[in-house]
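Reader: Please take a close look at how one chain of this assembly meets its neighbours, and follow that through into the parts that make those meetings. I would like the partners, the elements involved and the residue classes set out in connected form.

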Amino acid sequence: MINFENIKLKVNDKEITIGAVLESNGSVSNLKTGAWRSKRPVTNLEKCTGCGVCWSLCPEGCIVKRDNGKFETNLDYCKGCGICANECPTNAIEMLMEEK
Amino acid sequence: MEGKTIMEASHAVSEAVKSVKPGVVAAYPITPQTHIVERISEFIANSEMDCEYIRVESEFGAISACLGASATGVRTYTSTAAQGLALMHEVLFIASGMRLPIGMTVANRALSAPINIWNDHQDSISARDCGWIQFYAETAQECYDLTIMQFRISEDKRVLLPSMVCLDGFTLTHLYEPVYILPQRKVDEFLPEYKPYHSILDPEQPLTLGPIGFPSHYMELRYSQVKALDDSINVIKEVFDEFSDSFPPEIENSRPERYYHVEDYKLEDAEIAFVAMGSVCGTIKVMVDRLRKKGERVGLLKLITYRPFPKNAIIDSLRGVKKVAVLEKAISPGGNGPVFDEIRSLFYDEMERPEIRDFIIGLGGRDVTFMHIKKIYDMVKNDKGEGLEWIF
Amino acid sequence: MAILGLPEEEYFSYGHRACAGCGAALAVRLITKAAGRNSIIVEPTGCIEVVSTPYPETAWKLPWVHGAFENAASIASGVTSALKHLGKEDVNVIVIAGDGATYDIGFGHLSGAFERGHNFTYICYDNEAYMNTGIQRSGATPYAASTTTTPSGKESIGKQEWKKDLVHILAAHGSRYVATASIGYQIDAYKKIKRAIETKGPTFVNLLATCPTGWRTDISKSIEIAKLAVDTGVFPLYEIVDGRHIVNRPKSIEELKPVEEYLRMQGRYRHLFRPERNEEAINFIQQRVKENLRSLLEHVEKGL
């Protein structure tokens, strides 16, 4: 096991690591890529059957299963591609323009 | 195998590699390195080494497989020469940037074109900017000793950089010399099992190795790598000292009494000094003796550590010398001999500067004889000629 | 826990910098789910490497290593050998590489690793060009596709050469399992990747991954297009198991949808339709696609 603390160092007041090693902890989630989108998915929960197709096809992996078995999108990360809406077997998802 | 024996320097390297117990060896055959890796293959075939040998499809494959194996947390070794080293070029930088302590032997050979399988230093000198530690060996014993030491140095947590031990192709690789092989348990004491310090590929501790380094971070990461190479000069000295203390020389004239970045040969009161690396130093030492018998005050500064460049050691050794002749088996086309440039630059800020001259010798395996050394000596002593000279 | 037969756990985190609608990002989610926790990922330079590891952040939740562009297979060879030495041969070693790294610059090393028989799985996310560097043509780029180095023009149809048949080349190395897959059929892709991982020795899956940026397609249609690629026979789904072909889809020439349906959806084929319809090129593609499928089906018939 590596002691990760040992490989941290500061150069020019910047924190770096020896050999640019990182812990594989999914830290890209620091960036909320939801800011990228122009359209937002809205799920009609009555039409949603909880089949999971949207979840299985999201390139971000940001669709989550709710307690009631249905699926909803984490809007912090959704880039608004609309694949979920395009593929949903019951057309339960609609893409709406973000108003800013 | 242990104790005194006579063997090819290549095989001495193979013995050293056996004794350091690498987990993975990945190598591609190229003259004149072949004897090294063939002997290692025999060891593995006879269960004398517990090691995975990857018979890769090219030298690029070799150094890449070493990168993968070292990243996984295993001691790794490869060996090559000339075109093979050139082919590895891209990955040499990567391995250093990723701080992977890969060990390599380079059987120095000239670079194409024209294609030439004989000795000069152009291959490893051309790789001096890739961030690897570089040593040059004069004798079979030094090849053996340095190969053991290089792993200890590379794997030190203050260093974590790959290293190459360079030995002259054919002139040294295929030369039979007396060698003292250390008992395995002594090598085990000197070089413990490899424990990765900063990077490993292990599902128990998932790490990301080799990310993209944007302008925001690249310079700081580079700085830390370069500083590690600069500072390794101290670790190298420590390891040289420990090795010299633990293992004094067993065979006369086979190696320096105490390993150091340089070896001084009759420099104490020298007025003229040769500077060189590798097996040609053996020839120069004999010539120095002959000249001394005639009353000439001459000596040799042999460089062992080339990267990091041992600035202080060189300045100390050449103090008081009036004229320096740098003999080198490489050239930077459009510029000077590389070693010459570095040594001359070293003295720029010194109060006392010797005259320094650059001599290109032995390219493409051209034999370097006493006549050549004498000619150079005469030119320097009598101020004949100017600037860079090619001694054919 | 599973949804549609896919494990729920994510090993590739949102927040990665891939384009909206990126087929390759979905491919990585599927691959890492098939691989599971006990895996090491080896990645060459390419879209996924760049969007997933913006130092000091990483999208990965698995051990991951990137070396250079052409040597993923060689690095994987080193990793498998090291694991063997450490007695940890149960760890999955997976290469996730783009088509540029696989078909072209890494081809020789891929061949070497397969020839030596290392136990690893090589998944190529095939978006059919060098996408990360700006949509330049690769050996995987299909005939008549317009790329920045094979742009369509007065004198040019786009790429002149048919797509390299890498799958059969690797089968010829004696791999026990090679297959094609598409994100358009994501469950099939998952199963094939899983099978490739579970099969001993070197295995390969060529996974078609839509690139809306490079193919110039509607970002919401990445899956639809990847499905159509299969249904038109342009990218048929098949496996070669211990040297024997299995054709998954389409199962007959008759059920093929016209290739035009597929080509029409993509900007990289726009020049085949506008300003004039290029009947010759479209027919050529249609015929060749039919021939390819016919050949595959014949292999199955003859037990080859």
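Author: Two residues are taken to be in contact if their C-beta atoms, placed from the backbone, lie within 7 Å. The model is a predicted one, and every value that follows is computed from it. With that cut-off, the contact between chain B and chain A takes 20 residues from chain B and 15 residues from chain A. On the side of chain B that touches chain A, β9 and α8 of chain B each supply at least two residues, and α8(B) gives the most, with four residues. Sorted by class, this side of chain B has eleven nonpolar, seven polar and two charged residues.

The part played by β9(B) can be followed at the level of strand pairing. Strand β3 of chain A, residues 22-23, is joined to β9(B) by two bridges, and the two strands run antiparallel. Within that pairing, L22(A) has T208(B) in β9(B) as its bridge partner. Strand β9 of chain B, residues 207-209, also pairs with β4(C), here in the parallel sense and again over two bridges. T208(B) stands opposite W64(C) in β4(C), while T208(B) is likewise the bridge partner of L22(A). Strand β9(B) therefore deserves to be read from both sides, being antiparallel to its partner in chain A and parallel to its partner in chain C, with the pairing of two strands defined as at least two bridges between them.

The meeting of chain B with chain C takes 39 residues from chain C and 38 residues from chain B. On the side of chain C that touches chain B, the elements giving two or more residues are β3 (39-43), β4 (64-66), α3 (72-85) and α5 (107-116) of chain C. Of these, α3(C) gives the most to that side, with eleven residues. The residues on this side of chain C divide into 19 nonpolar, 16 polar and four charged.

The partner to consider for α3(C) is helix α3 of chain B, residues 59-72, and the axes of these two helices come within 6 Å and cross at roughly 45 degrees. Because of that angle, α3(B) is oblique to α3(C), and the crossing of the two helices is right-handed. From α3(B), the contact is made by G61(B), S64(B), A65(B), C66(B), L67(B), G68(B), A69(B) and T72(B). From α3(C), the residues that make it are S74(C), I75(C), A76(C), S77(C), G78(C), V79(C), S81(C), A82(C) and L83(C). By class, the contact of α3(B) with α3(C) holds nine nonpolar and eight polar residues, and no charged ones.

It remains to look inside chain B itself. Its domain assignment gives domain 1 (3-246) and domain 2 (262-390), and the centres of these two domains, taken over C-alpha atoms, are separated by 27 Å. The contact between them takes 27 residues from domain 1 of chain B and 21 residues from domain 2 of chain B. On the side of domain 1 that touches domain 2, two or more residues come from each of α5 (122-125), β6 (133-136), β7 (163-168) and α8 (218-246) of chain B. The largest share of that side, five residues, comes from α8(B). Its residues divide into 14 nonpolar, eight polar and five charged. Helix α8(B) thus appears in two settings, since α8(B) also gives the most to the side of chain B that touches chain A, with four residues.

Strands β6 and β7, named on the domain 1 side of the contact, belong to an open sheet of seven strands in chain B, whose order is β3-β2-β4-β5-β7-β6-β13 and whose pairing is mixed. At the edges stand β3 (52-55) and β13 (305-307) of chain B, each with a single partner strand, so one side of each is left without a neighbour in the sheet. From one strand to the next, the twist averages 20 degrees. One of the pairings in the sheet joins strand β2 (residues 24-27) and strand β4 (residues 76-80) of chain B, which run parallel over two bridges, and there V24(B) stands opposite T76(B) in β4(B).

Note on methods: Residues are numbered from 1 along each chain as its sequence is written. Chains are lettered from A and ligands numbered from 1 in the order in which they are written. This is a predicted model: local features need pLDDT of at least 70, side-chain atom pairs count only at pLDDT 80 or more; totals for chains, interfaces and linings use all residues. Domain bounds come from an automatic or database domain assignment. Ala, Val, Leu, Ile, Met, Phe, Trp, Tyr, Cys and Pro count as nonpolar, Asp, Glu, Lys and Arg as charged, and the others, Gly among them, as polar. Axes are lines fitted to C-alpha atoms, for helices over the stretch in contact, and angles run from 0 to 180 degrees between N-to-C directions. Angles under 35 degrees count as roughly parallel, over 145 as roughly antiparallel, 65 to 115 as roughly perpendicular and the rest as oblique. A crossing is left-handed if the near helix is turned anticlockwise from the far one by less than a right angle, and right-handed if clockwise.
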